[in-house]
Amino acid sequence: MKCSYCAFAASMMATAFSFQAKPSNRKSSILNMVSVDPSTVTKKDYQDICGVTFNDGNLQERLKRTNYLYPQHVEVIEDIAPVAGAMVDEVLLETGEKAWQPQDFLPDLSKEGWEDELKELRKMTEGVPDDVLVVLVGDMVTEEALPTYQTLLNTFEGCDDPSGDTDTAWARWSRGWTSEENRHGDLLNKYLYLGGRCDMRSIEITIQHLITNGFNPGAQKDPYRGFVYTSFQERATRVSHSNVGRLAGKYGDKHLRKICAKIAGDEGRHEKAYQQFCEEILKRDPDGLIMVFGDMMRGQISMPAELMTDGVNSNLYDDFSTVAQRLGVYTALDYADIIRHLVDRWGLEKLEGLSSEAEKEREYLCKLPERYRKLAERSMNRKKQVNEEEPKKTFSWIHGRSV
């Protein structure tokens with residue numbers, strides 16, 4: 001009830017302010033309000049109702065008390081904050097000299113002999129087929145939209161970073177995760193530039209469009225939904241980078257194979273952290289997480305680059321996804337395998353003590369991987385039987401060549 005009273009108090013103050021304001025000022029934002037009408041709600045009344053004072057110094061505490069859509073979920077998130085703190089220390093690498101950086105994998109143009117290193121890189125890049133290059137570009141574009149993903153993390157209630165330098169475990173995790181992920185797009189972007197086979201301006205346009213268009217994974221500010229999503233997506237990203245690296249090695253590009261393996265390693269560590277967060281939630285609120293997981297799986301996990309476009313091809317993501325599926329970089333079978341991994345990782349097969357409603361969701365989730373796998377295999381077999389081949393796709397990323 002406290003949150004309801006807080007909302008009532010805030011509403012009454014806003015109403016009083018709007019009536020008192022001069023007509024020319026009525027369009028001013030409520031954020032510009034600097035006083036409370038004492039005839040309506042005094043500051044003491046507000047403090048008595050909400051438990052916090054009404055001043056800028058208590059912004060974070062005031063938001064905590066008045067602005068949560070999922071207060072029960074937030075309580076759990078606050079309880080597992082020490083786990084997030086441990087993840088910062090145990091999962092995230094140290095910054096500075098001890099951390100790997102993109103330059104470690106690229107020719108150093110400030111040193112003698114860089115010409116030979118660049119020639120070697122370009123020679124190896126020449127052996128990579130265009131379709132593999134397209135998937136690599138798509139993965140890089142996805143990584144470069146990192147500002148969108150950090151924005152997403154800061155919408156998860158209870159684990160945001162309201163001031164930008166908040167010294168909480170969750171805020172430090174968010175910034176640390178972002179700093180590590182930032183290396184991925186930087187490294188792949190520079191590799192593609194030095195390789196000389198791509199239209200970098202078209203790729204840059206795609207990146208700008210993707211960040212502008214944004215991304216909505218359906219988390220709805222709920223930390224439970226957010227961590228289920230990141231548990232899934234980090235693993236999907238690891239799978240994709242690993243498979244691109246495997247193909248690069250197949251075609252003789254040992255540099256790209258090493259780069260993809262390093263990035264996949266980061267994704268693997270981050271995946272384990274997010275899955276650990278969900279495991280801790282399950283210990284404290286199994287019904288809550290199971291209901292969220294089931295609801296999300298009844299839809300479909302959105303891929304972060306679904307709104308990509310180069311300004312010319314409105315179906316760019318679908319075309320990229322088709323090529324990735326054809327090469328076996330990321331397929332419907334991988335989607336099913338990730339669900340299976342999460343079901344096993346969180347021990348859902350043996351989970352007991354659930355409510356009747358949550359138990360139904362648990363049964364649904366445990367059967368889901370096999371359902372997805374059968375559907376995927378049926379679709380693949382049907383294409384083989386009719387000898388169905390996807391038409392070639394043209395990509396501006398590789399100067400209009402078709403794959």
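Guide: Buried means under 20% relative accessible area, exposed means over 50%, and partly exposed lies in between, with a 1.4 Å probe and protein chains only. This is a predicted model, in which local features need pLDDT of at least 70 and side-chain atom pairs count only at pLDDT 80 or more, while totals for chains, interfaces and linings use all residues. Residues are numbered from 1 along each chain as its sequence is written, and side-chain values use heavy atoms, with hydrogens and water left out.

Visitor: Why is R172 called partly exposed?

Guide: Its relative accessibility is 31%, which falls between the 20% and 50% limits, so R172 counts as partly exposed.

Visitor: What makes R172 and D167 a salt bridge?

Guide: A salt bridge is a side-chain nitrogen of Lys or Arg within 4 Å of a carboxyl oxygen of Asp or Glu; for R172 and D167 the N to O distance is 3.4 Å, so the pair qualifies.

Visitor: How do you know that E280 is buried and K283 is exposed?

Guide: E280 has a relative accessible area of 8%, which is under 20%, so E280 is buried, whereas K283 has 55%, which is over 50%, so K283 is exposed. These two residues also form a salt bridge, with the closest N and O atoms 3.2 Å apart.

Visitor: Why is the count of disulfides 0?

Guide: A disulfide is a pair of cysteine sulfur atoms within 2.5 Å, and by this rule the count comes to 0.
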